[in-house]
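Please examine the model below, with attention to its empty spaces and its interior.

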Amino acid sequence: MGLLNGKVALVTGGSRGIGEAIVLKFAAQGADVAFTYLSSAEKANAVLEKAKAYGVNAIALKSDAADYNQAEALVNTVIEKMGKIDILVNNAGITKDTLMLRMSEEQWDQVIEVNLKSVFNLTKHALKPMMKQRSGSIINMSSVVGVFGNAGQANYAASKAGIIGFSKSIAKEVGSRNIRCNVIAPGFIETDMTHALTEDQKKAYTDNIPLKRLGSGEDIADTCVYLGSDLSAYVTGQVLSVCGGLNT
Ligand code: NAP
């Protein structure tokens, strides 16, 4: 008996990294899973096969989370093919790091649109079926950088801090309908996004982490299972730092 048996989840950016780990953990816990990707069709297909091997229904859909109309079409497709959405994980995200003096308007706009506007797009459309069914769990992927700030990541930090204010507001708006909205703030997680760090940089980060290691996608996915399941039935509007104690 899985913790997510009978539930349907929609995960954005499920083709790689943290999103892939979430899709697979959800499938392992018995959820039917729809997930999106932007350009990695081959990787998405590989994740799809692994998810189906758990005996659940799974679909991979190419959809740009930053595009309002594509988000609406995506939600409609998931409802049509899977009947409902119990869990929405807004995970898709990008970085365009540079110091403020060098940051272009395009680098600012792209990060805000993919990381923050996407959360508005998907939440806006997924809320309608959740309101009808009078239940739902929305999980938004922020970052410890959205809490602390980080030199060279003003665009990314702003997008991730925006997610926190948005999520707390949604939690207050729809709590009476039994819809929960929480935030995960991962620390340094080993994925393509952090791949560019040198060994020296990784060591410097690790030295500052109480648990003395970088995190894995599975560390974040386990927290998503908790927030998506009924184990967290009385938890909403919260930011859970999953960072090895970095945010302490
Ligand atoms: P990643 O390995 O770079 O994977 C990003 C995922 O997002 C991919 O599946 C990608 O699809 C998808 N994606 C990108 N732009 C998209 C768009 N416009 N529409 C739909 N999907 C899109 O990233 P990650 O490290 O797993 O990060 C996942 C989330 O956790 C992000 O929100 C990130 O900000 C957050 N986070 C990560 C860390 C970390 O240390 N890694 C720390 C804190 C927070 P394609 O494969 O098709 O490109």
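The dialogue that follows treats pockets and cores.

Tutor: This is a predicted model, in which local features need pLDDT of at least 70, side-chain atom pairs count only at pLDDT 80 or more, and totals for chains, interfaces and linings use all residues. Residues are numbered from 1 along each chain as its sequence is written, and side-chain values use heavy atoms, with hydrogens and water left out.

Student: How many residues line the largest pocket?

Tutor: A pocket is an open set of points on a 1 Å grid over the protein atoms alone, where a 1.4 Å probe fits, with protein on both sides within 12 Å along at least five of seven lines; lining residues have an atom within 4 Å of a point. Gly-93, Ile-94, Thr-95, Tyr-156 and Met-193 lie nearest the centre of the largest pocket. The number of residues lining this pocket is 48.

Student: Which helix gives the most to the largest nonpolar core?

Tutor: Such a core joins buried (under 20% relative accessible area, 1.4 Å probe, protein chains only) Ala, Val, Leu, Ile, Met, Phe, Trp, Tyr and Cys residues through side-chain atoms within 4.5 Å. The largest has 33 residues, and Ile-22 and Phe-26 are among those with the most contacts inside it. Helices are DSSP runs of H or I with at least four residues, numbered from the N terminus. With seven residues, the helix that gives the most to this core is α1.

Student: How many residues does the second, separate core have?

Tutor: Leu-61, Leu-122, Ile-138 and Ile-179 are included in this core. Its number of residues is 24.

Definitions and conventions:
Buried < 20%, exposed > 50% of the residue type's maximum accessible area, 1.4 Å probe, protein only. Helix = DSSP H or I, 4+ residues; strand = E, 2+ residues; numbered from the N terminus.
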